[in-house]
Amino acid sequence: MLKQMLKQWIVLAFVAIASPPLIAQTASPAAQQGGGPEASQQPAAKWQRKRDMALQYRSLADFYAAMKKESASKQRAPLPDWAGIWTADSVDSFAACLGGSQCYFRPAPGDTVGPKLTPVAIAELKRGEEMRAKGLIYDDNLSACGPAGFPRWLTEPFMREQIVTPDETWVLTEQANEIRRIYTDGRGHTPEADRYPLPEGDSIGFWDAQKLVIHTNQLQSRPMGRNQPTQSENMETVEIWERVDANTIAIDVWLFDPRLYLEPWYVQRLYKLVPNPDKSLRIRYWDCSENPNNDVTRTQEGATDYKGFTFTNKSNSQSNH
């Protein structure tokens with residue numbers, strides 16, 4: 001019975017972690033009203049101010065450049081201590097979302113996390129909802145053990161680490177061993193002649209006191225989640241990472257892709273420090289394809305199944321595939 005329950009949990013967990021929707025137009029009524037456990041801790045005025053910060057610029061690249069220019073006149077600060085293992089906070093946690101879906105980004109008070117979508121994105125979202133209603137949920141990339149990619153990377157559950165150095169900061173997540181490198185040594189993005197799309201894109205950044213400001217571009221075109229609209233190679237993002245207290249890192253994120261959004265979409269993500277007093281907890285190498293239980297295949301109906309994965313009901317000795 002325990003083995004059966006564990007197998008059932010694995011299936012549900014894999015579906016949950018593999019499909020965090022970044023397009024949150026289907027947020028729950030509580031979230032749409034800014035209430036309930038999904039409500040933002042930011043005051044409405046502060047959320048609105050952050051949302052509006054990027055709207056005065058032609059692009060997120062210009063937004064990033066303006067912040068970098070402003071920070072150049074400020075006195076340098078010591079690099080922050082982001083050591084330890086981190087994970088989604090209690091509101092955004094994997095446990096809270098298991099079997100659910102809409103707690104990956106926090107809505108503003110009295111508003112929603114939903115962006116202003118283009119007609120193309122609205123049509124793809126509607127198509128995805130129709131497929132989900134029929135039980136047809138599949139991701140050509142993540143279901144086959146590929147990396148989630150960015151900005152979907154922001155929503156991945158489980159453990160994370162940040163390695164801060166003067167010239168480069170690594171931010172990594174345990175799931176699929178996805179590592180992002182943010183170069184803070186003054187370099188710009190890869191020259192256009194040498195660019196090509198990457199799962200995590202190309203990230204450069206600078207320190208504004210102890211805030212890490214990041215600009216990312218050169219991202220691959222891929223679904224932003226299971227049955228979610230597809231981002232284009234024109235997706236770009238700006239992030240501001242800051243340790244706001246001893247146990248919390250807050251990330252303000254602005255996303256823009258002309259294929260999906262009519263204007264930059266502002267969201268916030270929080271990570272919490274995981275207690276680890278004896279330092280026994282470690283991030284391990286993750287290869288989901290090494291476990292046959294994670295060999296996901298697409299069925300003829302368009303849903304998913306696990307190759308060679310059999311459930312046995314010991315009470316009546318019946319097997320369910």
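How many aromatic pairs does the count come to, if rings of Phe, Tyr and Trp pair when their centres lie within 6.5 Å? The count comes to 12 aromatic pairs. The model is predicted.

**An aromatic pair across the chain**

One pair joins F63 and W254. The ring centres are 5.1 Å apart. The planes stand at 80 degrees, so the pair is edge-to-face; the cut-off for that class is over 60 degrees. The two residues come from distant parts of the chain, 191 residues apart. F63 sits in helix 4 (residues 60-71). W254 sits in strand 10 (residues 248-256). Both F63 and W254 are buried.

**The nonpolar core**

W254 also belongs to the largest nonpolar core, which has 40 residues. W241, W254, L255 and Y261 have the most contacts inside this core. Several elements each supply at least two of its residues. Helix 4 and helix 6 (119-133) are among them. The strands are strand 5 (202-208), strand 6 (211-217), strand 9 (236-245), strand 10 and strand 11 (265-273). Strand 10 gives the largest share of this core, with 6 residues.

**The aromatic cluster and its arginines**

W241 appears again in an aromatic cluster. The other members are W82, F150, W153, W207 and Y271. W153 has arginines over its face, as listed here.

| Arginine | Ring | Distance to ring centre |
|---|---|---|
| R160 | W153 | 4.5 Å |
| R180 | W153 | 4.9 Å |

**At the surface**

Which residues make the nonpolar surface patch of about 220 Å²? The patch is made by I163, W170 and I179. W170 lies in strand 3 (residues 168-173). Is W170 buried, partly exposed or exposed? Its relative accessible area is 31%, so W170 is partly exposed. The buried class ends at 20% and the exposed class begins over 50%.

E301 is a further surface residue to look at, with 57% relative accessibility. That value is over 50%, so E301 counts as exposed. E301 lies in the loop between strand 12 (296-298) and strand 13 (304-306). Where is K134 relative to E301? The two residues are 167 residues apart along the chain, yet their C-alpha atoms are separated by 9.5 Å.

How values were computed
Residues are numbered from 1 along each chain as its sequence is written. This is a predicted model: local features need pLDDT of at least 70, side-chain atom pairs count only at pLDDT 80 or more; totals for chains, interfaces and linings use all residues. Side-chain values use heavy atoms; hydrogens and water are left out. Rings of Phe, Tyr and Trp (its six-membered ring) pair if their centres lie within 6.5 Å; planes under 30 degrees apart count as stacked, over 60 as edge-to-face and the rest as tilted. Helices (H or I, at least four residues) and strands (E, at least two) are DSSP runs, numbered from the N terminus. Buried means under 20% relative accessible area, exposed over 50%, partly exposed in between (1.4 Å probe, protein chains only). A charge sits over a ring if NZ of Lys or CZ of Arg is within 6 Å of the ring centre and within 35 degrees of the ring normal. Patches are made of residues with over 30% relative accessible area and no salt bridge: like charges are joined within 9 Å, nonpolar side chains (Val, Leu, Ile, Met, Phe, Trp, Tyr) within 5 Å. Accessible areas come from the Shrake-Rupley method with a 1.4 Å probe; for residues, only the protein chains shown count as cover. A salt bridge is a side-chain nitrogen of Lys or Arg within 4 Å of a carboxyl oxygen of Asp or Glu. A nonpolar core is a set of buried Ala, Val, Leu, Ile, Met, Phe, Trp, Tyr and Cys residues joined through side-chain atoms within 4.5 Å.
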